[in-house]
Amino acid sequence: MPADNFEREKAIVNLQHEILNVDNLHAWFGDFHAVKGVSLAVQQGQVVALIGPSGCGKSTFIRCINRLHEEVPGARVQGRVTIGGQDIYGRGADPVRIRRYVGMVFQKPNPFPGLSIFENVAVGLKLGGISKRTVLDEQVERALRQAALWEEVKDKLRQPGTSLSGGQQQRLCIARALAVEPPVILMDEPTSALDPISTAKIEDLLHELKKSVTILIVTHNMQQASRVSDKTAFFLLGELIEYGETSQIFTNPARPKTEEYITGRFG
Amino acid sequence: MEEVSGGILDMIGKLMTKSSRREKRRDVHLGDRIFYYSLKASAWTLVFVLLLMFGLILQMAWPAFQHFGWRFLVTNEWNSVTSEFGALALIYGTVVSSLIALVLAVPMSIGVALFLNELAPRWLSTPLGFFVEMLAAIPSIVYGLWGLFVLAPFLRTYVQPPLVDHLGFLRLFEGPPLGVGMMAAGVILAIMIMPTITAICREVFRAIPQSNREAALGLGATRWEMLKLAVLRSSQAGMLGATILGLGRALGETMAVTMVIGNNPDIKVSLMASAQTMASILANQYAEADSPLHLSALTAVGLALFLVSLTINGIARFVVWRVNRKYVRGH
């Protein structure tokens, strides 16, 4: 096997394992240094929970991974982020294209008002230039099934997305993100506005989803982090304090600060 | 007018619900009670004044209605010498000049509002927004003067001749380019209602949660796609409301229109012909109306203007309510 071919094979193998690599990432809001030199790597098919007290930079961190942070006036990013080997802050990288490959689910359910349930899910596909009815139908159904919402909405796809309950709306937003089959989905406290039953449904969903998608989830709920994630990253004042297997972080943290936080002594 | 008619509808609505479930006020303090009743009196005075005005106009206009009957609204002969008065041309003039204004002002205002709120950096949007709002502070008569001495000659020299040459077959642009006329009135109305529509659209856009915009951007929308998805679609009712307020202003605008419309009560398809609106004929002829019938006919025009704006407002409110029900509450 020629050398360059071998290199490529190796790159593909690597790609399959390591989907996301963040190297020395800094982020600012004006003068405020919100993320201070964070490095971490995520394997494909894992759920990574980001925990830490409010204002520790975890939301800002995930918003750097789909280049949404820079949309805030005065915001700035420095560092290297690669998704599937592609440098998303590299020269010529188009944030619009990158966001099509990295799904995002927000704190509050935010289906587009004025769009039906179907249209809400199809929106990402349409933005990507897909307009064939059969493809749209198929992908929308797949995404809604994946988001465990299909059975509840299949008879009312023409109704507005905003007519659903809060928990259903959030699953609709997850379906909206899933429709374009992104390799990575970012979730920014997706259950903090939901009741316990809806929260449990979404947590169950995460277990199913990680077969096909890599998930980064910001959460304030420690139990949630321990229930849903394979790995946990603990942030404090913009720094990544500890990153490791969830079981290890919650039973035997390496850093005293992590232990203090997860046992509820501050934060 | 817009505000007042809305207030009345609200008030009637409140009265009707009040009778079904009477809530007892329990202001123990004498001061509170005096305050409550004095405010209540003010509110009712407003209704009373409006009804009084309506009654008085109706009384003054009655002879004209008696004399002409329905013909008053469906004929367009307006001749004080022969004492033939029909208001159709005036209604036509009001509606068409207002429509021209809306066609020109609505897209422009929405564009300006989008630019100021969503695209322009703060150092630019603050002063620019201030200038747009300043347009609303210019007195109507000043607009009229500008329209007469600047806009009309400009239209006559640079805009209307090419329209006649190239689009004359449309009949909308035929006849001599006079400058003054329906087109000038529409353009000046457009400029006058733009600040209102822009300001309300900006409020409407401001009310949209940032997370809707981020949802669109997060899906890989370009800036324009984001504006379409997250901003324009969810503001349909609000933009319609802004349009209605603009329309309300355009329908009743008097001075500036009187100065540029040419004051010829006739129905012509061409937008370059001179015309007359309900408001402008009142401004024009009130002082010199000598026969009682002429005076009564003018008052009847005033009444018609009142009713036309009331009807348009009613329809528009209904549409806003429908759109709201369909899109926002989602049932």
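## Close-up views of a predicted two-chain model

**View 1. Helix H8 of chain B is a mostly covered element, in which seven of the nine residues are buried.** The helix spans residues 210-218 of chain B, and the model in which it is seen, here and in every view below, is a predicted one. The buried residues of this helix are B:Asn212, B:Arg213, B:Glu214, B:Ala215, B:Ala216, B:Leu217 and B:Gly218, a list that the reader can follow along the helix in the structure above. Just after the helix comes B:Gly220, whose phi is positive, at about 90°.

**View 2. Chain B and chain A meet in a contact to which chain B gives 21 residues and chain A gives 21 residues.** The size of an interface is often given as the accessible area lost when the parts come together. Between chain B and chain A the buried area comes to about 1900 Å², and carbon and sulfur atoms account for 61% of this area. Three residues, B:Glu214, B:Leu219 and B:Leu229, provide 30% of the area that chain B buries against chain A, which is more than any other three residues supply.

**View 3. An open sheet in chain A is built from four strands, in the order S2-S1-S4-S5, with antiparallel pairing.** At the edges of the sheet lie strand S2 (32-43) and strand S5 (86-87) of chain A, each of which pairs on one side only. Strands of a sheet pair through backbone hydrogen bonds, either parallel or antiparallel. For S2(A) and strand S1 (residues 18-29) of chain A, the pairing is antiparallel and extends over eight bridges. Two positions help to follow this pairing by eye: A:Asn21 has A:Ala41 in S2(A) as its bridge partner, while A:Trp28 stands opposite A:His33, which also belongs to S2(A). The two strands S1(A) and S2(A) form a hairpin with two residues between them, and in its turn A:Gly30 has a positive phi of about 60°.

**View 4. Helix H2 of chain A lies across strands S1, S2 and S4 of the chain.** The helix covers residues 58-65, strand S4 covers residues 75-83, and the helix runs at about 120° to S1(A). The loop between H2 and S4 of chain A contains A:Arg67, a residue other than glycine that nevertheless has a positive phi, near 55°. A:Arg67 counts as buried because its relative accessible area is 11%, and the cut-off for buried is under 20%.

**View 5. Strand S6 of chain A, made up of residues 102-105, is covered on both faces.** In a regular strand the side chains alternate between the two faces of the sheet. In S6(A), A:Val102 and A:Met104 lie on one side, A:Gly103 and A:Val105 lie on the other, and all of these residues are buried. Strand S7 (residues 184-188) of chain A runs parallel to S6(A) and is joined to it by four bridges. Within this pair of strands, A:Met104 has A:Leu186 of S7(A) as its bridge partner.

**View 6. A:Cys56 is a buried cysteine, and its relative accessible area is 2%.** Why does A:Cys56 form no bond with A:Cys64? The cysteine sulfur closest to that of A:Cys56 is in A:Cys64, but the distance is 13 Å, so the two are too far apart for a bond. Over all chains, the structure holds zero disulfides. Another cysteine, B:Cys201, is likewise buried, with 0% relative accessibility.

**View 7. A:Ser198 in helix H8 of chain A makes a side-chain contact with A:Asp195.** This helix comprises residues 196-209 of chain A. The polar contact between the side chains of A:Ser198 and A:Asp195 has a length of 2.8 Å. Is A:Ser198 buried or exposed? A:Ser198 is buried, since its relative accessible area is 11%.

**View 8. Two loops of chain B hold B:Ser83 and B:Thr277.** B:Ser83 sits in the loop between strand S1 (78-79) and strand S2 (84-85) of chain B, and its phi is positive, near 55°, although the residue is not glycine. With 22% relative accessibility, B:Ser83 counts as partly exposed. B:Thr277 is in the loop between helix H11 (255-260) and helix H12 (278-285) of chain B, and is buried, with a relative accessible area of 3%. If neighbours within four places in sequence are left aside, the residues in contact with B:Thr277 are B:Leu90, B:Gly93, B:Thr94, B:Ser97, B:Val257 and B:Ile261.

Terms used. Residues numbered from 1 in each chain as written. Chains lettered and ligands numbered in written order. Predicted model: local features only at pLDDT ≥ 70, side-chain atom pairs only at ≥ 80, totals over all residues. Heavy atoms only, no water. Buried < 20%, exposed > 50% of the residue type's maximum accessible area, 1.4 Å probe, protein only. Polar contact = N/O pair within 3.5 Å; in protein donor to acceptor, adjacent residues only side chain to side chain. Pairing = 2+ DSSP bridges. Contact = heavy atoms within 4.5 Å. Axes fitted to C-alpha atoms, helices over the stretch in contact; angles between N-to-C directions. Disulfide = S-S within 2.5 Å. Buried area = accessible area lost by both parts, 1.4 Å probe.
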